[in-house]
Amino acid sequence: MPCFNAVADLILWRRKNLTVGILLVTLGVWVVFERSGYTLLSLISNVLLLLIVILFLWAKSADILNRPAPPLPQLRLSEEMANEAKTFICTRVNDLLSVSQDIALGKDSRLFLKVAAYLWLISIIGGLTDFLTLAYTSLLLVLTVPAIYERYEDYIDMYILKGYRKLCLLHVKINEGYVSKVHNWILEKKKLS
């Protein structure tokens with residue numbers, strides 16, 4: 001539970017210095033990436049390449065000069081950790097495949113519409129921005145929206161309730177005006193045939 005409290009404190013700006021620090025560091029990283037034209041994948045690849053070259057040259061020079069090799073921790077994955085990861089991944093993938101099968105077989109139309117809408121939205125957002133900008137914008141939203149909501153909760157709830165009522169009225173008008181007419185027209189066509 002202490003981990004969740006720390007995350008909540010961070011998101012709700014109760015630890016302002018840490019939240020501002022994270023925002024500034026990510027803003028700096030984003031600006032550097034945007035201005036340089038570098039991508040995250042190429043940066044990670046180059047850093048790992050530099051690290052492996054340094055370690056390789058250190059080990060070879062240490063062998064030639066009779067010095068100790070570079071100190072490396074034991075790079076090994078325990079059997080227990082691998083089994084836990086396998087079980088976690090297997091459960092999630094099986095759940096995803098089960099839901100995908102239900103959608104593909106037409107068992108859950110509402111879920112199909114939700115998934116299709118989300119995938120379409122992701123496609124539109126993906127076409128408008130790159131991954132790094134999307135990640136920075138998402139972090140910015142995660143660190144500001146909950147804090148703003150906590151501070152102005154009553155006002156936000158009031159406006160959301162007003163908007164919800166207007167949407168309900170619009171839904172009733174559309175349903176009465178168009179959907180019911182189409183439904184009646186379909187019923188008349190069925191009666192005639």
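**Group meeting: a walk through an all-helix model**

Let me start with W13, which sits in the loop between helix 1, residues 2-11, and helix 2, residues 16-36. Please keep in mind throughout that this is a predicted model. The backbone at W13 has a phi near 60 degrees, a positive value in a residue other than glycine. That is worth a remark, because most residues other than glycine have a negative phi. As for its surroundings, W13 has a relative accessible area of 22% and is therefore partly exposed, since buried would require a value under 20%.

There is a second position of this kind, N66, whose phi is near 55 degrees, again a positive value in a residue other than glycine. N66 belongs to the loop that joins helix 3, residues 40-64, to helix 4, residues 79-104. With a relative accessibility of 69%, N66 counts as exposed, because the cut-off for that class is over 50%.

Let me now step back to the whole chain. The protein has 7 helices and 0 strands, so its elements, read from the N terminus, run α-α-α-α-α-α-α. The radius of gyration is 27 Å, well over the 16 Å that the globule rule gives for 193 residues, so the protein is more spread out than a compact globule. Along its principal axes, the C-alpha trace spans about 95 × 45 × 40 Å.

How much of the protein is buried? Buried residues make up 6% of the 193 residues. The accessible surface comes to about 16,900 Å², and 69% of that belongs to carbon and sulfur atoms. Of the contacts with a separation of 6 or more, 48% are between residues 24 or more positions apart.

One buried residue that I would like to show you is T133, in helix 6, which covers residues 131-151. Its relative accessibility is 18%, and because the limit for buried is under 20%, T133 falls into that class. Leaving aside residues up to four places away in sequence, T133 touches W30 and E34.

Turning to the annotation, an unreviewed UniProt entry lists residues 17-33 and 39-59 under "transmembrane region". In the model, residues 17-33 are 100% helix, and the end C-alpha atoms of that span lie 24 Å apart. Residues 39-59 are 95% helix and 0% strand, with end C-alpha atoms 30 Å apart.

Finally, a word on charge: the protein carries 21 positive and 16 negative side chains, and the centres of the two sets lie 7 Å apart.

Conventions
Residues numbered from 1 in each chain as written. Predicted model: local features only at pLDDT ≥ 70, side-chain atom pairs only at ≥ 80, totals over all residues. Heavy atoms only, no water. Helix = DSSP H or I, 4+ residues; strand = E, 2+ residues; numbered from the N terminus. Rg over C-alpha atoms; globule rule 2.2 N^0.38 Å. Buried < 20%, exposed > 50% of the residue type's maximum accessible area, 1.4 Å probe, protein only. Contact = heavy atoms within 4.5 Å. Areas by Shrake-Rupley, 256 points an atom, 1.4 Å probe, with all protein chains shown as cover. Lys, Arg positive; Asp, Glu negative; His and termini not counted. Charge placed at Lys NZ, Arg CZ, Asp CG, Glu CD. UniProt positions renumbered as here; feature names shortened; annotations may be inferred.
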